[in-house]
Amino acid sequence: MCKHILNAQVAIRAPCCRKWFDCPECHEEREDHEMEKTVDLVMACKKCKKVFRKEMSEDFEEADEHCPNCDNHYVIEAKEPEMKMSIVMK
């Protein structure tokens, strides 16, 4: 489960190391290299658990925002955890 994006709908396979992550921040925390940039993403839907490939190019359309296997809408506004700040008085 991703601590950065609470409502992640897909996992992504990093093109550099071919390992699965819920978000680029998860990759950054766990690996000792930068995530390789690509427009050809391999993703796994968290609803149906099936893997699919999408080209995230300029031609990306609204219909491309859904899993091709179960129609789960995976391009949604991310819900991130609220940052709680505490002030320590001395």
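**Figure 1. Strand E1 meets strand E3 in the antiparallel sense, with 4 bridges between them.** This close-up comes from a predicted model, as do the views that follow. E1 covers residues 10-13, and E3 covers residues 40-45. To find your way along the pair, look for Arg13, which sits opposite Val42 of E3. E3 is mostly covered, with 5 of its 6 residues buried.

**Figure 2. On to the pairing of E3 with strand E4, which is antiparallel and has 5 bridges.** E4 takes in residues 51-55. Two pairs of residues make handy landmarks here. Asp40 has Glu55 in E4 as its bridge partner, and Leu41 stands opposite Lys54 of E4. The two strands form a hairpin with 5 residues between them. Within this hairpin, Lys49 takes a positive phi near 70°.

**Figure 3. Stepping back, the strands form an open sheet of 4 strands in the order E2-E1-E3-E4.** The pairing in this sheet is antiparallel. Which strands lie at the edges? They are E2 and E4, each of which pairs on one side only. Along the sequence, the chain reads β-β-α-β-β, with 1 helix and 4 strands in total.

**Figure 4. The largest nonpolar core brings together 8 residues.** Its members are Val10, Ile12, Leu41, Met43, Cys45, Phe52, Cys67 and Tyr74. E1 and E3 are the elements that give two or more residues to this core, and E3 gives the most, with 3 residues. A good place to rest your eye is Phe52. Setting aside neighbours within four places in sequence, Phe52 contacts Val10, Leu41, Val42, Met43, Cys45, Cys67, Pro68, Asn69 and Tyr74. Another core, of 5 residues, lies apart from this one, and Cys2, Phe21, Cys23 and Cys26 are among its members.

**Figure 5. A look at the cysteines: the structure holds 0 disulfides.** A disulfide is a covalent bond between the sulfur atoms of two cysteines. Cys70 takes part in none, and the nearest cysteine sulfur, that of Cys45, is 3.7 Å away. A pair of cysteine sulfur atoms has to be within 2.5 Å to be called a disulfide, so the 3.7 Å between these sulfurs does not qualify. Is Cys23 buried or exposed? Cys23 is buried, because its relative accessible area is 1%, which is under the 20% limit. Cys70 counts as partly exposed, because its relative accessibility is 25%, a value between the limits of 20% and 50%.

**Figure 6. Lys47 sits in the loop between E3 and E4.** Lys47 is exposed, because its relative accessible area is 59%, over the 50% limit. Beyond residues up to four places away in sequence, Lys47 touches Cys70 and Asn72. How many residues separate Lys47 from His73 in sequence? They are 26 residues apart, and their C-alpha atoms are 9.8 Å apart in space.

**Figure 7. Arg18 and Asp71 are two spots to check for backbone angles: Arg18 has a phi near 60°, and Asp71 has a phi near 70°.** Most residues other than glycine have a negative phi. Arg18 has a positive value without being a glycine, and for Asp71, too, the value is positive in a residue other than glycine. Where in the chain is Arg18? You will find Arg18 in the loop between E1 and E2 (20-21), while Asp71 lies in the segment after E4. Arg18 counts as exposed because its relative accessibility is 55%, and Asp71 is exposed because its relative accessible area is 53%.

**Figure 8. To close, a view of the whole chain, which has 90 residues, 28% of them buried.** The chain exposes about 7200 Å², and carbon and sulfur atoms supply 49% of that area. Among the contacts with a separation of 6 or more, 33% are between residues 24 or more positions apart.

Terms used
Residues numbered from 1 in each chain as written. Predicted model: local features only at pLDDT ≥ 70, side-chain atom pairs only at ≥ 80, totals over all residues. Heavy atoms only, no water. Buried < 20%, exposed > 50% of the residue type's maximum accessible area, 1.4 Å probe, protein only. Pairing = 2+ DSSP bridges. Contact = heavy atoms within 4.5 Å. Core = buried A, V, L, I, M, F, W, Y, C linked by side-chain atoms within 4.5 Å. Areas by Shrake-Rupley, 256 points an atom, 1.4 Å probe, with all protein chains shown as cover.
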